[in-house]
Amino acid sequence: MVMTDKSQKILKISAIVLGVLTLGTFVFLGVRRLSRRMNKVLGKNGVLVCSHITKIDAPQALNVENNLANIQLCLDNNVEIIEMDIQITKDGVPVLFHDNDLDSKTNGNGSISNKTWSEVSQIRYISNTSQGIATLESAIQLLKKSRKSAIYQLDKCSQQEIGQINKLGLFKGVENQILCKGFSWQKPQTAQEAGILWMPMIPTDLVGKMSNMETINKIVANCQGSEFLEAQFSDQDSLLIDGTLSKELQKIGCNLFVVAVAGASTTNGKSFRGDSPKQWEKMIKPMGAKAIMTNKPIALKNFLQQFGV
């Protein structure tokens, strides 16, 4: 059968339309998969557990902060959020380390920003000489390999450093699993470009003033576009403590993040300080914490299960 020019044109147009529809279906399904991955933790019912500086109360855990072995343990035990501290070497390698200088915790000295990765890679922790300083790239590789939907909360990470890390391509494929924190209410331009999550902190000048709806409404308005808000509060902040702030934040898709470790007059109310079941319970009800940072993530997960949240 000989096809006319008209028939051939119709076939070509049909093939193009079919190709566009097929491509659209793949894009749609890809977006849906990404959306499900993004929302698996953020959309989870109950309270999320955050490991403080990668600490975990498991028998195999190492007594070294910000280390890969503990990150793997957190992933294996389904800890939803893992906090780690970020610094960048003189030659632009992002690494995991907490203190401003190396002197007190390692056999090194000075600051990481004044050393190359070649130098930093030779440094060992005093508490465990088998452990060196890990790179952020290695930590992200663990996350990708695990195929878990856990969130990495990158602390001590400035707007400029977010941009540096993004240029290295380290966020690619895990953008919705990276949470950065800062004092800026608005998500920084570098974080927006990277497509990562953002968590402002309640500024210290509002601590002690969250006892009226005007202040609460101001905070909530400032949190538009943020996924979490880290609480800093005192015992006088009645509308944070009674859960009002958390309820208002939930209306805009933002979650209250409470730190159970350490605690000072500007970070935790005096009667809320302590990483224990007694304090966790008050952070859950009535405060309405959606995420709690702890040194004991397994104990907290067990407590939440018993508590029914």
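How many bridges join β1 to strand β2 (residues 81-88)? Two bridges join them, and the strands run parallel. The close-up views below come from a predicted model, and the legends start with this strand pair.

**View 1. Strand β1 and its two partners.** Strand β1 covers residues 48-51. Along with β2, which runs parallel to β1, there is strand β9 (residues 291-294), which pairs with β1 in the parallel sense over four bridges. Serine 51 is a handy residue to find here: serine 51 stands opposite isoleucine 82 in β2, and serine 51 also stands opposite threonine 294 in β9. Now look at the side chains. In a regular strand they alternate between the two faces of the sheet. In β1, Leu48 and Cys50 point one way, while Val49 and Ser51 point the other way. All four of these residues are buried.

**View 2. The largest nonpolar core and a separate second one.** The largest nonpolar core holds 66 residues. Within this core, Met84, Tyr152, Leu154 and Leu245 touch the most other members. Helix α4 (residues 136-146) gives the most to the core, with five residues. A second core, separate from the largest one, has 15 residues, including Leu42, Ile81, Ile151 and Leu197.

**View 3. The surroundings of leucine 154.** Which residues is leucine 154 in contact with, leaving aside its neighbours within four places in sequence? The contacts are Met84, Ile86, Leu136, Phe171, Ile178, Leu179, Cys180 and Lys181. Leucine 154 and Met84 are both among the residues that touch the most other members of the largest nonpolar core.

**View 4. Glutamate 230, a buried residue in strand β7.** Is glutamate 230 buried or exposed? At 6% relative accessibility, glutamate 230 counts as buried, because the cut-off for buried is under 20%. This glutamate sits in strand β7 (residues 228-230). A polar contact of 3.1 Å joins the side chain of glutamate 230 to the side chain of lysine 181. Apart from neighbours within four places in sequence, glutamate 230 is in contact with Lys181, Met199, Pro200, Met201, Ile202, Phe257 and Val259.

**View 5. An edge-to-face pair between strands β7 and β8.** The count of aromatic pairs comes to five. A pair of aromatic rings is described by the distance of the centres and the angle of the planes. One pair is phenylalanine 97 with tyrosine 125, which is tilted, at 6.0 Å centre to centre and 35 degrees between the planes; View 6 returns to these residues. The pair shown here is phenylalanine 228 with phenylalanine 257, which is edge-to-face, at 6.1 Å centre to centre and 90 degrees between the planes. Phenylalanine 228 lies in strand β7 and phenylalanine 257 in strand β8 (residues 255-259), so the pair ties together parts that are 29 residues apart in sequence. Phenylalanine 228 is buried at 0% relative accessibility, and phenylalanine 257 is buried too, with a relative accessible area of 0%.

**View 6. More aromatic rings: a tilted pair and a cluster.** The tilted pair of phenylalanine 97 and tyrosine 125 links distant parts of the chain, 28 residues apart. Phenylalanine 97 is in the loop between β3 (94-96) and α3 (117-120), and tyrosine 125 is in the loop between α3 and α4. Phenylalanine 97 counts as buried at 0% relative accessibility, and tyrosine 125 is buried with a relative accessible area of 3%. Elsewhere, ring pairs link Trp280, Phe303 and Phe307 into a cluster.

**View 7. Three loops with unusual backbone geometry.** Most residues other than glycine have a negative phi, and most peptide bonds are trans. Asparagine 78, in the loop between α2 (68-76) and β2, has a positive phi of about 55 degrees. This asparagine is partly exposed, with a relative accessible area of 44%. Arginine 147, in the loop between α4 and β4 (151-155), has a positive phi of about 60 degrees. This arginine is exposed, with a relative accessible area of 76%. In the third loop, between α10 (277-284) and β9, lies proline 286. The peptide bond from lysine 285 to proline 286 is cis, with omega near 15 degrees.

**View 8. Confidence along the chain.** The protein chain averages a pLDDT of 89, and 86% of the residues score at least 70. Over residues 24-29 the pLDDT is below 50, and this stretch has zero contacts in the model beyond near neighbours in sequence. Residues 31-39 also have a pLDDT below 50, and that stretch has seven contacts beyond near neighbours in sequence.

Key: Residues numbered from 1 in each chain as written. Predicted model: local features only at pLDDT ≥ 70, side-chain atom pairs only at ≥ 80, totals over all residues. Heavy atoms only, no water. Core = buried A, V, L, I, M, F, W, Y, C linked by side-chain atoms within 4.5 Å. Buried < 20%, exposed > 50% of the residue type's maximum accessible area, 1.4 Å probe, protein only. Contact = heavy atoms within 4.5 Å. pLDDT = per-residue confidence, 0-100. Pairing = 2+ DSSP bridges. Polar contact = N/O pair within 3.5 Å; in protein donor to acceptor, adjacent residues only side chain to side chain. Phe/Tyr/Trp six-rings, centres within 6.5 Å; stacked < 30°, edge-to-face > 60°.
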